[in-house]
Amino acid sequence: MWGIIATWRMAVEGITEADKMLKNGADSGDAIEVAIKEVENFPYYKSVGYGGLPNEEMEVELDAAYMDGDTLDIGAVAAIKDYANPISIARRLSHEKVNCMLVGEGAEKFAHKEGFERKNMLTDRAKIHYKNRVKEVQQQEIKPYSGHDTVGMVCLDTHGKMTAATSTSGLFMKKKGRVGDSPISGSGFYVDSKIGGASATGLGEDLMKGCISYEIVRLMKEGKHPQEACEIAVNNLDEELKARRGKAGDLSLIAMNNKGEWGVATNIEGFSFAVATENEEPIVYLTKNVNGKCIHEVASQEWLDNYMKTRTAPLEEK
Ligand code: SD4
């Protein structure tokens, strides 16, 4: 059995590549890295890698992580600037015994020493988004943070090895140096080949309050199906946050166990995700939470066409 599951529609091209590799017996680490890089390199996805939206100071600071479910090795970078593929740097760091999570300048220095590709990650399009948002925020006091989608994946190969990985520009207009859940083990991702893995997208500050990816893996260890584990964890955290703090941020989780069974849960409208397994061709679903149960529907061709159209539509400065 093999399989890969990922947050958001933007991951489908990447998981299609990974699926081809997995079919031929590729290593889960190689497949997930290829899949994440595909998303990082696509300039029109404005919340991951090249073309990612900048922080308050108009700098693109990226977070990424990689975890090996066999060895439990973890590598992560946070607030790294000017490198093309944060996921590859994170994976490289996962081989270190110590110093495997590096931030900012330290991460950049390591990447330089290891010969990773430097790249200015701020596109003209992202600059226009930034300038428009600055104006909107000044004029209407809107929330600056909307428009954030992290790519998070869990992958199982034919040898039974599982991996998890994330990559993101985090929240649009975040403070310089702000780090979200995505590079934080247990919150943005977790994987154990003996059980399964999970990964998150949404408001990092709230996802971290529940160590939610670890919680899902823990529930799967108790014997829960990934779908049930995701629903329990998301619904519980959503309820706790509302009860204690009055509101809950966006929480969306994907998971897969070591049999290739998968699950997804969200507390928002219109969360999309992509999945491919030995039994399913790469496919995009939309999911919604109806009284605690998450219902997945295959995305229509119209929805998929519209998605690409809006992502690539010309953008003008307001
Ligand atoms: C963060 N969780 O940095 C990320 C952002 C995200 O959908 O996933 N948005 O908080």
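Here is a short chat about one sheet and the cysteines in a predicted model.

Tutor: Ground rules: this is a predicted model, so local features need pLDDT of at least 70, side-chain atom pairs count only at pLDDT 80 or more, and totals for chains, interfaces and linings use all residues. Residues are numbered from 1 along each chain as its sequence is written, and side-chain values use heavy atoms, with hydrogens and water left out.

Student: What makes β7 and β8 a pair?

Tutor: Pairing takes at least two DSSP bridges between two strands, and β7 and β8 (residues 196–202) have four, in the antiparallel sense. V191, for one, has G197 in β8 as its bridge partner. Strands here are DSSP E runs of at least two residues, numbered from the N terminus.

Student: Why are β7 and β10 called edge strands?

Tutor: The open sheet has the order β7-β8-β9-β10, with antiparallel pairing. β7 (189–192) and β10 (262–266) each pair on one side only.

Student: How do you know that C100 is in no disulfide?

Tutor: A disulfide needs two cysteine sulfur atoms within 2.5 Å. The nearest cysteine sulfur to C100 is that of C211, 18 Å away.

Student: And why is C211 not bonded to C230?

Tutor: The sulfur of C230 is the closest cysteine sulfur to that of C211, but at 16 Å it's too far for a bond. Searching the whole structure turns up zero disulfides.

Student: Why is C100 called partly exposed?

Tutor: Buried means under 20% relative accessible area and exposed over 50%, with partly exposed in between (1.4 Å probe, protein chains only). C100 has 23%, so it counts as partly exposed. C211, at 40%, also counts as partly exposed.
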